[in-house]
Amino acid sequence: MHVPANPPKLSAPIDLDHVRALFSRLDRTRPADFLRREIASRMVDRLELVKIAPLRVLDAGCGDGADLAVLQKMYAAAQILGIDAAEAPLRAVRSQGAKQSSLNQLLSKLLPSKAGIDLLCGDFADLPLAPNSIDLVWSNLALHWHPQPDRVFAEWRRVLRVNSLLMFSCFGPDTLRELRTAFAEADLAPHVLPFVDMHDFGDQLVEVGFSTPVLDMEVITVTYDTAQALLADVRALGGNPLGTRSRGLMGKQAWQRMLAALERQRRPDGKLALTFEVIYGHAFRPAPRTTSKGEAIIRFDLPRKK
């Protein structure tokens, strides 16, 4: 792994075991798939502007495989690898694969032998993959669930081939700001992740060796009729994975204060709003500038023959 010069940065005290448990409950997470699908669609729009033909694609944080199907459709001749820390979503992908139609099975036989979808269970900051083995790393709304994003970037750079592409999306600091404000009136315990700023991600990408990272953000607002529906979507998106979260239930009075604070935020149209700051990033792994012994590599572009 290309280790950053500085010690790994802790974005938040995230409990990875708790994250794994949260995303193992598909009945709980699937109601928020509408947002994941919308962000995936916007990522595809950006990816279509980059002319690449990857032979091996990694979906880091693949969940129950919706993006795997998108990537396979875009790059039919590629091997698509999906990795997720939770086993339950991967079982759901395998179950869908077992139901594959006879026509799809026939088409699969016509593709190159390495084409298709393969699944791995593990931490996407410690990939069981060889260096220089991936042409595209794709990660949709997964990075913010890891406490050390700089370590994740370093690992993604390690497995990418030279001049290959990283593309990801994640939540930024303004995400769930309405809920953060409401909980602040209930108690002092942390209830919402302190999401990492886009500019910090850019610095981390450069530090671990990516070239010319491009990051942008947009704000998506989802509206609800009831606080219960809003809170259900927050739980479906992953809830509160902080290791510093309160282990007990919030008291009834504190809960009512939080709900009252949420209700006071209703818009003129009577709806409750929930903000999502979505960060999009992409970067390339550049060719090395030095050898393993620290010697400078100088490249010469020879003139083309006319």
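Begin by selecting Arg46 and Tyr280: in this predicted model, Arg46 lies over the face of Tyr280, at 3.7 Å from the ring centre.

From there, select helix H3 (33-47), which has 15 residues and reaches 20 Å from its first C-alpha to its last, close to the 21 Å expected at 1.5 Å a residue. Colour the residues of H3 by accessibility, and Leu35, Arg36, Ile39, Ala40, Met43, Val44 and Leu47 will appear as buried.

H3 also leads to a pocket, since H3 is among the helices that each supply at least two residues of the lining of the second largest pocket, together with H1, helix H2 (26-29) and helix H4 (66-74). The second largest pocket holds about 550 Å³ of space. To centre the view there, select Phe23, Gly61, Gly63, Asp84 and Ala142, which are the closest to the pocket centre of the 30 residues that line it. Colouring that lining by residue class gives 13 nonpolar, seven polar and 10 charged residues.

Next, move to the largest pocket, whose volume is about 740 Å³. Its lining is made up of 31 residues, and those closest to the centre, which serve well as a selection for the view, are Phe183, His191, Arg235, Gly239 and Asn240. Two or more lining residues come from each of helix H1 (16-22), helix H8 (177-184) and helix H10 (227-236), and the largest share, three residues, is that of H10. By class, the lining of the largest pocket divides into 18 nonpolar, eight polar and five charged residues. Show H1 while both pockets are on display, as H1 gives two or more residues to the lining of the largest pocket and at least two to that of the second largest.

Now turn to the aromatic rings, of which the structure holds nine pairs. Which residues do ring pairs link into a cluster? Select Phe124, Phe153, Trp156, Phe168 and Phe201, and the cluster is on screen.

Within this cluster, look at Phe153 and Phe168, whose pair is tilted, with 5.4 Å centre to centre and 50° between the planes. Phe153 belongs to helix H7 (residues 149-159) and Phe168 to strand E5 (residues 160-171), so this pair ties together parts that are 15 residues apart in sequence. Are these two rings buried or exposed? Phe153 counts as buried because its relative accessibility is 0%, and Phe168 is likewise buried, with a relative accessible area of 1%.

Keep Phe168 selected and add Phe201: the ring centres of Phe168 and Phe201 are 6.2 Å apart and the planes stand at 75°, so the pair is edge-to-face. This second pair links distant parts of the chain, with Phe168 in strand E5 and Phe201 in helix H9 (residues 198-208), 33 residues apart. Phe201 is buried as well, with a relative accessible area of 2%, which is under the 20% cut-off for that class.

For the last stop, select Glu218, whose place is in strand E6 (residues 211-224). With a relative accessibility of 22%, Glu218 counts as partly exposed. Add Ile279 to the selection and draw a distance between the two C-alpha atoms: Glu218 and Ile279 are 61 residues apart along the chain, while their C-alpha atoms are separated by 6.8 Å.

Definitions and conventions. Residues are numbered from 1 along each chain as its sequence is written. This is a predicted model: local features need pLDDT of at least 70, side-chain atom pairs count only at pLDDT 80 or more; totals for chains, interfaces and linings use all residues. Side-chain values use heavy atoms; hydrogens and water are left out. On a 1 Å grid over the protein atoms alone, a cavity is a set of points where a 1.4 Å probe fits but cannot get out, and a pocket is an open set with protein on both sides within 12 Å along at least five of seven lines; lining residues have an atom within 4 Å of a point. Grid points are joined across faces, edges and corners, and a volume is the space filled by probe spheres set on the points. Helices (H or I, at least four residues) and strands (E, at least two) are DSSP runs, numbered from the N terminus. Ala, Val, Leu, Ile, Met, Phe, Trp, Tyr, Cys and Pro count as nonpolar, Asp, Glu, Lys and Arg as charged, and the others, Gly among them, as polar. Rings of Phe, Tyr and Trp (its six-membered ring) pair if their centres lie within 6.5 Å; planes under 30 degrees apart count as stacked, over 60 as edge-to-face and the rest as tilted. Buried means under 20% relative accessible area, exposed over 50%, partly exposed in between (1.4 Å probe, protein chains only). A charge sits over a ring if NZ of Lys or CZ of Arg is within 6 Å of the ring centre and within 35 degrees of the ring normal. The expected span of a helix is 1.5 Å times one less than its number of residues.
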